[in-house]
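Subject: Structure handover

Hello,

I am passing on the structure you will be working with. Please have the sequence and the 3D view open together while you read the notes below.

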Amino acid sequence: MTFKEKVNSVLNEALAEKPALFLIDLVITDAYKVIVSLDGDQGVVLQDCIDVSRYIDNHLDREEQDYSLEVASVGVGSALKMVRQYKKNIGRTLIVKTGTEIIEAELVDANDDFVILSWKAREPKKIGKGKETVQKELQLSYADIKEAIVTVTF
């Protein structure tokens with residue numbers, strides 16, 4: 001079993017003990033720096049990162065392979081990568097890049113196949129001069145989303 005396979009196996013065991021957490025990314029560099037990025041259905045707290053880090057440390061042998069370990073939550077400005085992340089962010093505002101446009105909209109719904117976005121836009125009036133505010137809604141499949149980032153509002 002390679003070092004990466006061992007790390008992956010131990011990490012899956014650690015996450016099995018915390019089902020609200022899920023893996024976003026696992027990177028192992030040539031210098032054996034292990035970088036684990038986590039997210040959670042209710043977010044990730046520092047204690048979650050500590051628990052996962054300790055579990056990995058306690059189940060890998062540094063005598064067999066010396067390594068450094070970094071366990072962290074995904075950052076606020078990180079792009080959404082998994083359907084589970086979209087589902088947990090329903091009701092929040094996203095900046096979504098498709099192949100042709102950038103949309104800032106509220107994530108109204110998310111299922112296994114697509115998301116529904118809703119936003120207000122200014123468009124020319126159908127009759128007369130000037131513009132009016134209209135409510136827009138778009139159903140977008142995950143394949144059509146190039147990048148989606150949750151915006152932070154204060």
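One definition is needed first: two strands pair if DSSP finds at least two bridges between them. An example of a bridge is Leu26, whose partner in β2 is Val36. The model is predicted.

Confidence

The mean pLDDT of the chain is 93, and 100% of its residues reach 70 or more. Within the chain, confidence is highest in α2, at 96, and lowest in strand β7 (residues 131–141), at a mean of 92. As a general caution, predicted coordinates should not be read in detail where pLDDT is low.

The three-stranded sheet

Three strands make up an open sheet with mixed pairing, in the order β1-β2-β3. Its edges are β1 (21–28) and β3 (68–73), each of which pairs on one side only. On average, neighbouring strands of this sheet are turned by 20° against each other, with direction ignored.

Seven bridges join β1 to strand β2 (residues 33–40), and the two pair in the antiparallel sense. Besides Leu26 with Val36, there is Leu23, whose bridge partner in β2 is Leu38. Two helices pack on this sheet. Helix α1 (residues 3–16) touches β1 and β2, and its direction makes about 165° with that of β1. Helix α2 (residues 46–59) touches β1, β2 and β3, and its direction makes about 150° with that of β3.

What lies between β1 and β2? The two strands form a hairpin with four residues between them. Tyr32 is found in this loop. Its phi is near 60°, a positive value in a residue other than glycine. Is Tyr32 buried, partly exposed or exposed? Tyr32 has a relative accessible area of 32%, so it is partly exposed; the buried class ends at 20% and the exposed class begins over 50%.

A UniProt annotation starts at residue 32. The unreviewed entry labels residues 32–76 "domain: Ribosome maturation factor RimP N-terminal". In the model, this span is 31% helix and 31% strand, and its end C-alpha atoms lie 26 Å apart.

The loop after β3

Gly75 sits in the loop between β3 and α3 (83–88). Gly75 is partly exposed, with a relative accessible area of 40%. Asn89 is 14 residues from Gly75 along the chain, and their C-alpha atoms are separated by 14 Å.

The five-stranded sheet

Five strands form another open sheet, in the order β7-β6-β5-β4-β8, with antiparallel pairing. Which strands stand at the edges? They are β7 and β8; each has a single partner strand, so one side of each is left without a neighbour in the sheet. The twist from one strand to the next averages 35°.

At the β7 edge, eleven bridges join strand β6 (residues 114–124) to β7, and the two run antiparallel. Here Trp119 stands opposite Lys136 in β7. At the other edge, strand β4 (residues 93–97) and β8 pair in the antiparallel sense over four bridges. There the bridge partner of Leu94 in β8 is Val150.

In general, the side chains of a regular strand alternate between the two faces of the sheet. Strand β8 (residues 147–150) has Ala148 and Val150 on a covered face, and Glu147 and Ile149 on an uncovered one.

The nonpolar cores

The largest nonpolar core has 18 residues, of which Leu11, Val34, Val36, Leu38, Val52, Ile56 and Leu60 touch the most other members. The elements giving two or more residues to this core are α1, β1, β2 and α2. Which element gives the most? It is α1, with six residues.

Val34 is worth selecting in the viewer. Leaving aside residues up to four places away in sequence, Val34 touches Phe3, Val7, Leu26, Val27, Ile28, Tyr67, Ser68, Leu69 and Glu70.

A second, separate core has 17 residues, including Leu140, Tyr142, Ala148 and Val150. Two of these have come up already: Ala148 and Val150 are on the covered face of β8.

Regards

Conventions: Residues numbered from 1 in each chain as written. Predicted model: local features only at pLDDT ≥ 70, side-chain atom pairs only at ≥ 80, totals over all residues. Heavy atoms only, no water. UniProt positions renumbered as here; feature names shortened; annotations may be inferred. Axes fitted to C-alpha atoms, helices over the stretch in contact; angles between N-to-C directions. Contact = heavy atoms within 4.5 Å. Core = buried A, V, L, I, M, F, W, Y, C linked by side-chain atoms within 4.5 Å. Buried < 20%, exposed > 50% of the residue type's maximum accessible area, 1.4 Å probe, protein only. pLDDT = per-residue confidence, 0-100.
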